[in-house]
Amino acid sequence: MTVHEFSEEFGGLPVFTFPEPADAPTALPAAGAVAWRLALDPYDGGGFDSFDELWQRFTSTVDPSGVRALVIGQWGEAYDESSAVVVSAVVAAKDRLTSLRAVFLGDIAQEQSEISWIQQSDVSPLLTAFPALEVLTVRGGSELEFPAVRHASLRELRFESGGLPADAVRGICASDFPALESLVLWLGVPEYGGDYEIDDLAGVLSGARFPRLHHLGLQNSEIQDEIAAAVAAAPVVAGLESLDLSMGTLTDAGAEALLVGQPLTHLKKLDLQHHFLTAAMADRLRATLAQPGVEVLIGSSEQAEQDEDEVWRYAAVTE
């Protein structure tokens, strides 16, 4: 899954795009056989005029009770209209969407909208309305809200952004998800709304709220060294099988913190790709962790930019 292309699989199902009215008639798959992608092009005269129109046609054509996964693309002018229209429509249909287990809100490619332009909303009602939901992915951090919630069934939670608001980060990390196995946060940068601080991650780093967590991704940050240092002493790490600190501005200082902190040799995978490590530090990481069997993904180093006495390092996905 990248910001440059649409998802082809979601929730363990192939993605199928619900056809626009102007498309030639085609046989539709069974309701539960695919992840249904719903998207409208605001500039396409042959499509739907609004998300409500698209949603009404979808729910009157496909049996809602059999739908297992929804992939929501453009719901209009994504930089102007928030995802609240989607959240409201899906939540209103909760009594009919009895099999829904996975939702991707914002499957919008970069050519359609920069990730920072995508206007989100309070997405927590999707969890409140669907107690059996197992997978929730959200792309875009602008105007995102996520007050702390409890949900007993959620297994995978993923937020992709160029900047996650601090309130949302705190809400995510203060939530109660006893079944959660995978948490991924593209934290982003201050220029695009990422006003979080390292203390905002305390809830997840403690390991207490997500007792079944096996994969943790704290990615795409300009404070990746601080995150690495916090992770190096975080109780949550002991229960992980994989740790992803990629896409950020990790330097030798952060890598050193990982090496001298708690043991990481129990991990199956450590992903540090898109970093600013020296070759010597990258080799040291590989040598230290490869022997106990950790798959270490490092790749090549990014090059910092320098302007007189100032050095610039950048996260992978921002605007």
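Here is a short tour of this predicted model, one selection at a time.

**Start with the sheet.** Colour the strands and you'll see 12 of them in one open sheet, running in order from β1 through to β12, with mixed pairing. Now pick out β1 (9–10) and β12 (295–297): these two stand at the edges with a single partner strand each, so one side of each has no neighbour in the sheet. What holds strands together in general? Strands of a sheet pair through backbone hydrogen bonds, either parallel or antiparallel.

**Next, select 135–139.** This is β6, and five of its five residues are buried. Flip between its two faces: Val135, Thr137 and Arg139 are on one side, Leu136 and Val138 are on the other, and both faces are covered.

Now add the strands that pair with β6. On one hand there's β5 (residues 102–105), parallel to β6 and joined to it by four bridges. On the other hand there's β7 (residues 156–160), also parallel, with five bridges. Zoom in on threonine 137: it stands opposite phenylalanine 104 of β5 and opposite arginine 158 in β7.

**Then show helix α1, residues 51–61.** It lies across β3 (35–38) and β4 (69–72), at about 150 degrees to β3.

**Stay with phenylalanine 51.** Which residues does it touch? Leaving out residues up to four places away in sequence, the list is Leu38, Leu40, Ile72, Trp75, Val85, Val86 and Ala89. Phe51 and Leu201 have the most contacts inside the largest nonpolar core, which has 93 residues. Apart from that core lies another, of nine residues, including Leu13, Ala69, Val71 and Val135.

**Last stop: 242–244 and 269–271.** These are β10 and β11, a parallel pair with three bridges. Look for aspartate 244, whose bridge partner in β11 is aspartate 271.

How values were computed:
Residues numbered from 1 in each chain as written. Predicted model: local features only at pLDDT ≥ 70, side-chain atom pairs only at ≥ 80, totals over all residues. Heavy atoms only, no water. Pairing = 2+ DSSP bridges. Contact = heavy atoms within 4.5 Å. Axes fitted to C-alpha atoms, helices over the stretch in contact; angles between N-to-C directions. Core = buried A, V, L, I, M, F, W, Y, C linked by side-chain atoms within 4.5 Å. Buried < 20%, exposed > 50% of the residue type's maximum accessible area, 1.4 Å probe, protein only.
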